[in-house]
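Q: Before any term is applied to a protein, it helps to ask what rule stands behind the term. Could you show me the structure, and then explain the words one by one?

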Amino acid sequence: MTDTGDRRPLDSRNTRWAAAIARWLAARSITPNQISMASMAAAAIAGGAFYFAGAAVGWPRVSFLLLAALFCQVRLLCNLFDGMVAIEGGKGEPDGPFWNEFPDRVADLMIFVGLGYGLGLPALGWAAGAFAVLTAYIRELGRGNGYPSDFGGPMAKQHRMATITAATLATVLEPLWGGYNQMLTIGLSAVAIGAAFTALRRANTLVMLLRSNGSN
């Protein structure tokens with residue numbers, strides 16, 4: 001990954017704890033690409049936990065749900081630290097741009113498809129994953145045409161993970177009102193609809209930019 005000055009705006013990147021962890025990682029024989037690859041492993045664990053939670057009951061179900069929520073956040077931490085180690089740590093690699101993007105697309109599919117199958121709603125999981133990938137495709141299409149990356153929401157990557165994590169934690173409490181998977185179904189539906197809207201919004205912005213420059 002190389003510093004293009006075109007990075008996702010993240011408040012966490014400017015915190016002391018993030019800077020300290022990034023320095024610790026940069027001082028070891030850990031590469032940004034390895035951290036990016038680790039994000040796929042985290043997503044695989046989260047997706048698998050969502051899948052197995054679908055057939056579990058009681059404390060095993062709660063354990064799978066908490067594991068899934070945890071590794072959704074681990075996935076985001078990997079996404080944070082790969083860039084910080086590459087840029088702030090000065091350890092960028094020639095093939096970094098590939099590993100900066102490819103694992104994210106795999107991670108979205110693993111998490112949302114795993115959740116969809118766990119809920120017994122595989123089509124919804126695939127839809128959420130497909131629209132998540134589409135948002136990134138349009139962002140990179142804009143970059144390919146010379147425009148800054150469009151990280152706008154309402155369902156960008158960090159928003160997707162926040163939505164699913166919140167829905168997962170709420171699902172743990174569903175036995176209090178006799179519920180079962182309603183919150184996760186609502187969360188996954190919100191991601192699918194929100195990501196579709198985000199893709200359309202980014203596409204419209206890009207088309208307007210292309211038309212505006214074409215008429216100049």
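A: Let us start with a single residue, L115, which is placed in helix α4 and counts as buried at 0% relative accessibility. The model is a predicted one, in which local features need pLDDT of at least 70 and side-chain atom pairs count only at pLDDT 80 or more, while totals for chains, interfaces and linings use all residues. Residues are numbered from 1 along each chain as its sequence is written, and side-chain values use heavy atoms, with hydrogens and water left out.

Q: Why is L115 called buried?
A: Buried means under 20% relative accessible area, whereas exposed means over 50% and partly exposed lies in between (1.4 Å probe, protein chains only). L115 has 0% relative accessibility, so the residue counts as buried.

Q: What does L115 touch, leaving out residues up to four places away in sequence?
A: Contact means heavy atoms within 4.5 Å, and by this rule L115 touches G47, F50, I164, L184 and L188.

Q: What makes a group of residues a nonpolar core, and which members touch the most others in the largest one?
A: A nonpolar core is a set of buried Ala, Val, Leu, Ile, Met, Phe, Trp, Tyr and Cys residues joined through side-chain atoms within 4.5 Å. The largest such core has 27 residues, of which F50, I111, F112 and I164 touch the most other members. Two or more residues each are given to this core by α2 (32–53), α3 (58–87), α4 (96–119), α5 (122–144), α6 (157–172) and α7 (182–214), and the largest share, six residues, comes from α2. These helices are named by a rule too: helices (H or I, at least four residues) and strands (E, at least two) are DSSP runs, numbered from the N terminus.

Q: Which residues are in contact with I164, once its neighbours within four places in sequence are left aside?
A: I164 is in contact with F50, C72, F112, L115, G187, L188 and V191. Apart from the largest core lies another core, of nine residues, among them A22, I35, C78 and V85.

Q: How do you know that R75 and D104 form a salt bridge?
A: A salt bridge is a side-chain nitrogen of Lys or Arg within 4 Å of a carboxyl oxygen of Asp or Glu. The closest N and O atoms of R75 and D104 are 3.4 Å apart, and the pair forms a salt bridge. Because R75 lies in helix α3 and D104 in helix α4, the pair ties together parts that are 29 residues apart in sequence.

Q: Are R75 and D104 buried or exposed?
A: R75 has a relative accessible area of 0%, so R75 is buried, and D104, with a relative accessible area of 5%, is buried as well.

Q: What other salt bridge does D104 take part in?
A: The side chains of K157 and D104 meet in a salt bridge at 2.9 Å, N to O. This pair links distant parts of the chain, with K157 in helix α6 and D104 in helix α4, 53 residues apart. Salt bridges that share partners join R75, E101, D104, R105, D108, R139, E140, R143, K157 and R160 into one network.

Q: Why is T198 called buried, and where does T198 lie?
A: T198 lies in helix α7, and its relative accessible area is 0%, so T198 is buried.
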